[in-house]
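Me: Please take a close look at one part of this protein and describe its sheet in detail, strand by strand where possible. Then follow the surroundings outward, so that I can place the charged pairs and helix contacts too.

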Amino acid sequence: MQQVKGIIARGKGAPVELVTVNVPDPGPGEAVVAIQACGVCHTDLHYREGGIGNDYPYLLGHEAAGIVEAVGPEVHDLAPGDFVILNWRAVCGACRACLRGRPWYCFATHNAKQKMTLTDGTELSPALGIGAFLDKTLVAAGQCTKVDPAARPAAAGLLGCGVMAGLGAALNTGNVGRGDSVAVIGCGGVGAAAIAGARLAGAARIIAVDIDDRKLATATQLGATHTVNSAEADAVEAIRDLTGGFGADVVIDAVGRPETWKQAFYGRDLAGTVVLVGVPTPEMRLELPLLDVFGRGGALKSSWYGDCLPSRDFPMLIDLYLQGRLPLDAFVTEEIGIDGVEAAFEKMHGGNVLRSVVVF
């Protein structure tokens, strides 16, 4: 058992707190990881606000990279000293998705069986089964993906959630190919990553859509060939105008609202693909003529974690980063201390950061 400092949320809307956390020694199939960097993701804010559940207190943080400190029994492919990115899809290998050869849809992902606690014994609920706003965390060994240690931790850790969600929405879910036209609606961290993914895939035309010119400027730096400020122009008409009147081959909704999803639906070409990667809230409803769904054909997809398989995707993407072909550093807007998490949440509302990253 070790005692370390970590960030928790005790209740809906309450400011986060820096507390002492008990981290157990790793049991069978578990590992303790010394965190080097952890991004401040909007999902952590959802946890704090009660948008994901009520299992307070939550141990926040999940978009992280670090060094394996210790492993428990029955861990064979991980060792102390390994540089890893943490993931929340530790596939089981035995569920119906895994047995069908689709482990990126695994329905029984692993988390650590032991609980981290406060000093009074109160059990903590780790965000996405990780909890990485602390010096060291306990996870299932399968949540650790080894990558090249030459990678900068603050950049590498972003593959643990938001950046992977966007890259995977383009590369995996959308299957963007060479010469395709792609539109991305919403150019925050996830949308910006989708633009980078479309560029990596060889898309010929990449249209960034947002209401914030600052985000559109960043999108251009990451590979957008055209931008549309949808506060000033109709997004669907603009996408069609930029694609010969047809619409884009793939349209990615990185916002997750009914109105943006409809823009994606009508902004795609016939038989094109819509990818929803922005996360809606439970009360949102969608109304659409069924004939339009039938008549336009194509595919309507949701992208969970970019449909990624960490063991396949993380090492490959880190290699591309180290080759200078994937600009992960561009997503790190600022590096902060662990006491800056609450302020980072506030900055999210201003729209002027892609990621604040806690560096340990």
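Reply: In this model, which is predicted, 6 strands come together in an open sheet whose order is 13-12-11-14-15-16, and their pairing is parallel. The edges are taken by strand 13 and strand 16 (299–302), each of which has a single partner strand, so one side of each is left without a neighbour in the sheet. From one strand to the next, the twist averages 15°.

At the strand 13 end, strand 12 (residues 205–210) pairs with strand 13 (residues 226–229) in the parallel sense, and 4 bridges hold this pairing. Within it, A208 is placed opposite T227 of strand 13. The connection can be followed as well: strand 12, helix 6 (residues 213–221) and strand 13 together form a β-α-β unit, and that unit is right-handed.

Further into the sheet, strand 11 is where S181 is found. Is S181 buried or exposed? With a relative accessible area of 10%, S181 falls under the 20% limit and is therefore counted as buried. Leaving aside residues up to four places away in sequence, S181 touches R205, T243, G247, A248, D249 and V250. Of these contacts, R205 lies in strand 12, which covers residues 205–210, while A248, D249 and V250 fall in strand 14 (248–253).

A helix also lies against this part of the model. Helix 8 (residues 258–266) lies across strand 11 (181–185), strand 14, strand 15 (268–276) and strand 16, and runs at about 150° to strand 15.

Away from the sheet, two other helices meet. The axes of helix 4 (residues 162–173) and helix 10 (residues 310–322) come within 12 Å and cross at roughly 100°; since angles of 65 to 115 degrees are counted as roughly perpendicular, that is how helix 4 and helix 10 are related. On the helix 4 side the contact is made by M164, L167, L171 and N172, and on the helix 10 side by R312, D313, F314 and L317.

There is also a second open sheet, this one of 5 strands in the order 7-2-1-4-8 and with mixed pairing. Here strand 7 (117–118) and strand 8 (125–126) stand at the edges with a single partner strand each, so one side of each is left without a neighbour in the sheet. Strand 2 (residues 17–23) and strand 7 run antiparallel and are joined by 2 bridges, with V21 opposite L118 of strand 7.

That leaves the charged pairs. Side chains of opposite charge can pair when their charged atoms come close. The count for this model is 11 salt bridges, and three of them are described here.

One joins the side chains of E342 and R48, at 2.4 Å from N to O; E342 belongs to helix 11 (residues 341–350) and R48 to helix 1 (residues 42–48), so that distant parts of the chain, 294 residues apart, are linked. R48 is buried at a relative accessible area of 8%, whereas E342, at 22%, counts as partly exposed. A network of salt bridges links R48, E49 and E342.

Another salt bridge brings together the side chains of R355 and E63, at 2.7 Å from N to O. R355 sits in the loop between helix 11 and strand 18 (356–359), and E63 in strand 5 (residues 63–71), 292 residues apart, so this pair too links distant parts of the chain. Both partners are buried: R355 has a relative accessible area of 11%, and E63 one of 1%.

Strand 5 also supplies a partner to the third pair, in which the side chains of K136 and E69 meet at 2.7 Å, N to O. K136 is in strand 9 (residues 136–140) and E69 in strand 5, with their positions 67 residues apart in the chain. E69, with a relative accessible area of 32%, is partly exposed.

Notes
Residues numbered from 1 in each chain as written. Predicted model: local features only at pLDDT ≥ 70, side-chain atom pairs only at ≥ 80, totals over all residues. Heavy atoms only, no water. Salt bridge = Lys/Arg side-chain N within 4 Å of Asp/Glu carboxyl O. Buried < 20%, exposed > 50% of the residue type's maximum accessible area, 1.4 Å probe, protein only. Pairing = 2+ DSSP bridges. Right-handed = clockwise from strand over helix to strand, strands pointing away. Axes fitted to C-alpha atoms, helices over the stretch in contact; angles between N-to-C directions. Parallel < 35°, antiparallel > 145°, perpendicular 65-115°, else oblique. Contact = heavy atoms within 4.5 Å.
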